[in-house]
Amino acid sequence: LKNMPSILRGIKSKGSIFAVEQETSYRWDRIYPSFVQNMLRHLMEIPLTHPPKEDWKKAKSLDEYIALYESLLSLYPHRANAWFEHGLLWYVAGERIPDRKEEAYPKSMKSMEKACEMQNDSYLFRKWKAKLWALTGQHEQAQKLFDDLLREFPWEIEIWENYCELLRAEG
């Protein structure tokens, strides 16, 4: 995506056409948060189990997505984004299936920690890691990470919201 071809367009000016080069660039770090939001929205809507009589050529349930990501991680264990997305899948499993929270949140946390080990400068990874620490009752670690994030990104409303949830949970 970084090396997208330049777009050439003609501009008419006083009867002549000038070719103006306009560089179109896409930075993954800028579009990845939108991808994550869309992924979460989609995962909150898919069935928990595979619907009968559906196309079996692609994943149709949350459990199948988790299984696919676990296969992906066995093939590409050094991809931070894959670990992060695997963690999101387990987070969604815990949110959507309350009986599964005790299993899902620790698995999600493990994947988030792995992603952060590989790419510790990622705001998105650290934000989710703090959120999961708060959800799993590791309030001290969550508070420290939220404090660090707020020093770096004091105007990020979502961090403040998550931090307030943590303080509310602590009482």
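# Exercises on a predicted helical model

Helix α3 is where leucine 89 is found; helices (H or I, at least four residues) and strands (E, at least two) are DSSP runs, numbered from the N terminus. The model is predicted, so local features need pLDDT of at least 70 and side-chain atom pairs count only at pLDDT 80 or more, while totals for chains, interfaces and linings use all residues. Residues are numbered from 1 along each chain as its sequence is written, and side-chain values use heavy atoms, with hydrogens and water left out.

## Exercise 1: leucine 89

Work out whether leucine 89 is buried or exposed, and list the residues that it touches.

Step 1. Buried means under 20% relative accessible area, exposed over 50% and partly exposed in between, with a 1.4 Å probe and protein chains only. Leucine 89 has 0% relative accessibility and therefore counts as buried.

Step 2. Contact means heavy atoms within 4.5 Å. Not counting residues up to four places away in sequence, leucine 89 touches Met39, Leu43, Leu62, Tyr65, Ile66 and Tyr69.

Step 3. Aspartate 63 lies 26 residues from leucine 89 in sequence, and the C-alpha to C-alpha separation is 8.9 Å.

## Exercise 2: the pair α3 and α4

Describe how helix α3 and helix α4 pack, and place serine 108 in the picture.

Step 1. Axes are lines fitted to C-alpha atoms, for helices over the stretch in contact, and angles run from 0 to 180 degrees between N-to-C directions. Helix α3 covers residues 80-96 and helix α4 residues 101-118; their axes are 7 Å apart, at an angle of about 160°.

Step 2. Angles under 35 degrees count as roughly parallel, over 145 as roughly antiparallel, 65 to 115 as roughly perpendicular and the rest as oblique. α3 and α4 are therefore roughly antiparallel to each other.

Step 3. Residues of α3 in this contact include Trp83, Gly87, Trp90 and Tyr91, and those of α4 include Ala104, Ser108, Ser111 and Met112. By class, the contact has 12 nonpolar, five polar and five charged residues. Here Ala, Val, Leu, Ile, Met, Phe, Trp, Tyr, Cys and Pro count as nonpolar, Asp, Glu, Lys and Arg as charged, and the others, Gly among them, as polar.

Step 4. Serine 108 lies in helix α4 and counts as buried because its relative accessibility is 0%. Leaving aside neighbours within four places in sequence, serine 108 is in contact with Gly87, Trp90, Tyr91 and Leu132.

## Exercise 3: α5, α6 and α7

Find how α6 is oriented against α5 and against α7.

Step 1. Helix α5 (residues 123-135) and α6 have axes that come within 8 Å and cross at roughly 150°. α5 and α6 are therefore roughly antiparallel to each other. The residues of this contact divide into eight nonpolar, two polar and five charged.

Step 2. For helix α6 (residues 139-152) and helix α7 (residues 157-170), the axes come within 10 Å, with a crossing of roughly 150°. α6 and α7 are therefore roughly antiparallel as well. Their contact has nine nonpolar, three polar and two charged residues.

Step 3. Phe146 of α6 is among the residues that meet α5, and Phe146 is also among those that meet α7.

## Exercise 4: the whole protein

State how many helices and strands the protein has, and their order.

Step 1. The protein has seven helices and two strands.

Step 2. From the N terminus on, the order is β-β-α-α-α-α-α-α-α.

Step 3. Of the 171 residues, 36% are buried.
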